[in-house]
Amino acid sequence: MHELSIMQNILDMVLEYAEENNAGKVTKINLVIGELSGFVPEWMHTYFDHVSAGTIAHKAEVNIELVPALIKCGLCGKEFKLTKEKMELYCPECECARVEIISGKECSLKSIEID
Ligand SMILES: [Zn+2]
């Protein structure tokens, strides 16, 4: 149910923006979603269709940009990509566990296109 509440929040922001700009219709919504956010793009499309019914954002194209998960080692400073298959939180280079997740948890509204 995570996606449902987030899509409701996104819709609220979209409609607020549309209203401020006297839009007749929302044509496209660009989202940035991190691979570690746990959001499933398919569900986001489905839920958006559901929550936007009856609004000017209904049938807007929802474009989802997936951001890969990156960790950075606090010791050697190198950056590594995390995959779903390999979620080890240590540096493969120096085996230090002082790593920081620098991207992959995003879930934000990047831009909105209106008519
Ligand atoms: Zn390292």
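This report walks through a zinc site, a small set of individual residues and one cavity in the structure above. The structure is a predicted model, and the values that follow were computed from it.

**The zinc site**

The zinc ion is held by four cysteines, with the SG atoms of Cys73, Cys76, Cys91 and Cys94 coordinating the metal at 2.2 to 2.3 Å. Along the chain, these donors follow the spacing C-x2-C-x14-C-x2-C. The arrangement around the zinc ion is tetrahedral because the 4 donor atoms subtend angles of 106 to 123 degrees, and four donors count as tetrahedral if all angles lie between 85 and 135 degrees. Two of these cysteines can also be described by their accessibility: Cys73 counts as buried, at 3% relative accessibility, whereas Cys76 is partly exposed, with a relative accessible area of 35%.

**Residues from buried to exposed**

The table below gathers several residues outside the zinc site, with the element in which each lies and its relative accessible area.

| Residue | Place | Relative accessible area |
|---|---|---|
| Val14 | helix 1 (residues 2–20) | 0%, buried |
| Asn22 | loop between helix 1 and strand 1 (26–34) | 69%, exposed |
| Trp43 | helix 2 | 47%, partly exposed |
| Ser52 | loop between helix 2 (41–51) and strand 2 (61–67) | 0%, buried |
| Lys59 | loop between helix 2 and strand 2 | 61%, exposed |

Val14, which lies in helix 1, counts as buried because its relative accessibility is 0%, and buried means under 20%. Leaving aside its neighbours within four places in sequence, Val14 is in contact with Val26, Ile29, Ala57, Leu109 and Ile112. A further distance can be given for Val14, since its C-alpha atom is separated by 9.7 Å from that of Ile56, although their positions lie 42 residues apart along the chain.

Ser52 is found in a loop, the one that runs between helix 2 and strand 2, and this residue is also buried, with a relative accessible area of 0%. When its neighbours within four places in sequence are left aside, Ser52 is in contact with Leu11, Ala57 and His58. Ala57 therefore appears in the contact list of Val14 as well as in that of Ser52. Lys59 lies in that loop between helix 2 and strand 2, but Lys59 counts as exposed, at 61% relative accessibility.

**Backbone angles and a long separation**

Which residues other than glycine have a positive phi? One is Asn22, with phi near 50 degrees, and another is Lys59, with phi near 70 degrees. Asn22 is placed in the loop between helix 1 and strand 1, and with a relative accessible area of 69% it counts as exposed.

Trp43, a residue of helix 2, is partly exposed at 47% relative accessibility. From C-alpha to C-alpha, Trp43 and Asp115 are 26 Å apart in space, and they are 72 residues apart in sequence.

**The cavity**

How many cavities of 30 Å³ or more does the count give? The count comes to 1 cavity, and about 30 Å³ of space lies in the largest cavity. The lining of the largest cavity is formed by Glu35, Leu36, Ala69, Leu82, Thr83, Lys84 and Met87. These lining residues divide into 4 nonpolar, 1 polar and 2 charged.

Technical notes: Residues numbered from 1 in each chain as written. Predicted model: local features only at pLDDT ≥ 70, side-chain atom pairs only at ≥ 80, totals over all residues. Heavy atoms only, no water. Donors = N, O, S within 2.8 Å, 3.2 Å for Na, K, Ca; no water. Tetrahedral: all angles 85-135°; square planar, octahedral: opposite > 155°, others 65-115°. Buried < 20%, exposed > 50% of the residue type's maximum accessible area, 1.4 Å probe, protein only. Helix = DSSP H or I, 4+ residues; strand = E, 2+ residues; numbered from the N terminus. Contact = heavy atoms within 4.5 Å. 1 Å grid on protein atoms, 1.4 Å probe; cavity = no way out; pocket = protein on both sides within 12 Å on 5 of 7 lines; lining within 4 Å. Points joined across faces, edges and corners; volume = space filled by probe spheres on them. Nonpolar A, V, L, I, M, F, W, Y, C, P; charged D, E, K, R; others polar.
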